[in-house]
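Visitor: Could you take me slowly through a single part of this molecule and explain each term as it comes up?

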Amino acid sequence: MSIVTVQLGQCGNQIGFEVFDALFSDSHCSQGFCSKKENEAYQASCKERFFSEEENGVPIARAVLVDMEPKVINQTLSKAAQSGRWKYGQHSCFCQKQGSGNNWAYGYSVHGPRHQESIMNLIQKEVEKCDSLSGFFIIMSMAGGTGSGLGAFITQNLQDEFSNSLRMNQIIWPYGTGEVIVQNYNSILTLSHLYRSSDALLVHENDAVHKICAKLMNIKQISFSDINQVLAHQLGSVFQPTYSAEGSSHYRRNPLGDLMENLVPHPEFKMLGIRNIPQMPENSLAYSAFTWAGLLKHLRQMLISNAKMEEGINWQVRPPLSGLPPLGRASVGAEPHFNTSIANLVILRGKEAHSADLEGFKEPALYTSWLKPVDAFSVWRTQRAFRRYEKSAALVSNSQFLVKPLDTIVGRAWNMFASKAYIHQYTKFGVEEEDFLDSFTLLEQIVASYCNL
């Protein structure tokens, strides 16, 4: 089944390019741990998901590119074409001459309705190229104007027009120090609208990815391109094919559907995060050897201590003992000691993946009491390695990992709103004070729900 990717705004288009490039290069990199036949099946499965018919022998990404300024789209198209390995469709882009000036309301209330028909027609054409549609993967920022405002509008339209298809939004959480003065307003409006129209929100925090670039990738001058390549690596490690069942050599047909089924058991909890292990510069791979036991011990501790990478994990955090009150579970304002999960999915790729022991992820103490570990934990495997890593693991988690950042953003936005700062920039484009209050109410409820796991 195929996934149609919608790349929105500068952030969505730059990340989208890196994702397709990572998927393509991984699927065409022959791996010694599996047979030629298995490599070919993996390649075919990746292509069915993300690329459509070839044009002069070059696969075309199943994507629609949207931005209100032409510059980034032109750069993205040209980078893909220059790679010579894959490209975007000639008629799969929509851009205008004027952006949204970091104003969420302008993206949502002006650009959205004005260009709705043109954008939805492009998406419809892309859908028609799929033999079978798994759903939409929407890549956007949370704090800008076009990506977030128009992104929220388009996601609502997808819900209306393709109600039977799944929608997963990959959103970039802004730097805590701030990129734009109104980013907290934009963020709460984006999140509250997406919570109503998306099936799952896959969140990447800029601060966390920046740290990975600095500490694990040893990059001295970190660019957006570096950050986007780390994001693409993490997304590829989740979306590339895995076997459909234990002991099977057939690949999963419905990647989005399987992800949602395993990770979003309740519509009030749809925030997902990714952690990867190991992550390192490519030139270090040849000198590294890992065991599954070592990797999974670190990954489990990253989960329960809410660490974003394997460096600097707090090893003091332990699961609460069964039968005792869950001391130290996340409460807003306190540093969360223990990160309680609703659902976790571990994806293992590489040599002897079938032999890895995952019992540590099945402890009832790791999960909320209303789900049994057998329903809350899943594992996907393939012995085909990912991007030259002999062994690698990805964890997709629906847990309390975002309680603190979300509460911080809501608090900052509320402080600005209480003094009526910048509200006129939104009301003049049709977003009323009532819309802000609705957003605060919804997000405070989400924070409370996650805190009470």
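Guide: What follows is a close look at one aromatic pair and its surroundings. This is a predicted model, in which local features need pLDDT of at least 70 and side-chain atom pairs count only at pLDDT 80 or more, while totals for chains, interfaces and linings use all residues. Residues are numbered from 1 along each chain as its sequence is written, and side-chain values use heavy atoms, with hydrogens and water left out.

The structure holds 26 aromatic pairs, where rings of Phe, Tyr and Trp (its six-membered ring) pair if their centres lie within 6.5 Å, and planes under 30 degrees apart count as stacked, over 60 as edge-to-face and the rest as tilted. One of them joins W414 and F417, whose rings are tilted, with 5.7 Å from centre to centre and 35° between the planes. Because they stand three residues apart in helix α12 (residues 403-418), W414 and F417 are separated by about one helical turn; a helix here is a DSSP run (H or I, at least four residues), numbered from the N terminus.

The two residues can also be described by their accessible area, where buried means under 20% relative accessible area, exposed over 50%, and partly exposed in between (1.4 Å probe, protein chains only). W414 is partly exposed, at 37%, whereas F417 is buried, at 5%.

F417 has a further partner, since the charged end of K420 sits over the ring of F417, 5.2 Å from its centre; this term requires NZ of Lys or CZ of Arg to be within 6 Å of the ring centre and within 35 degrees of the ring normal.

Methods. Helix = DSSP H or I, 4+ residues; strand = E, 2+ residues; numbered from the N terminus.
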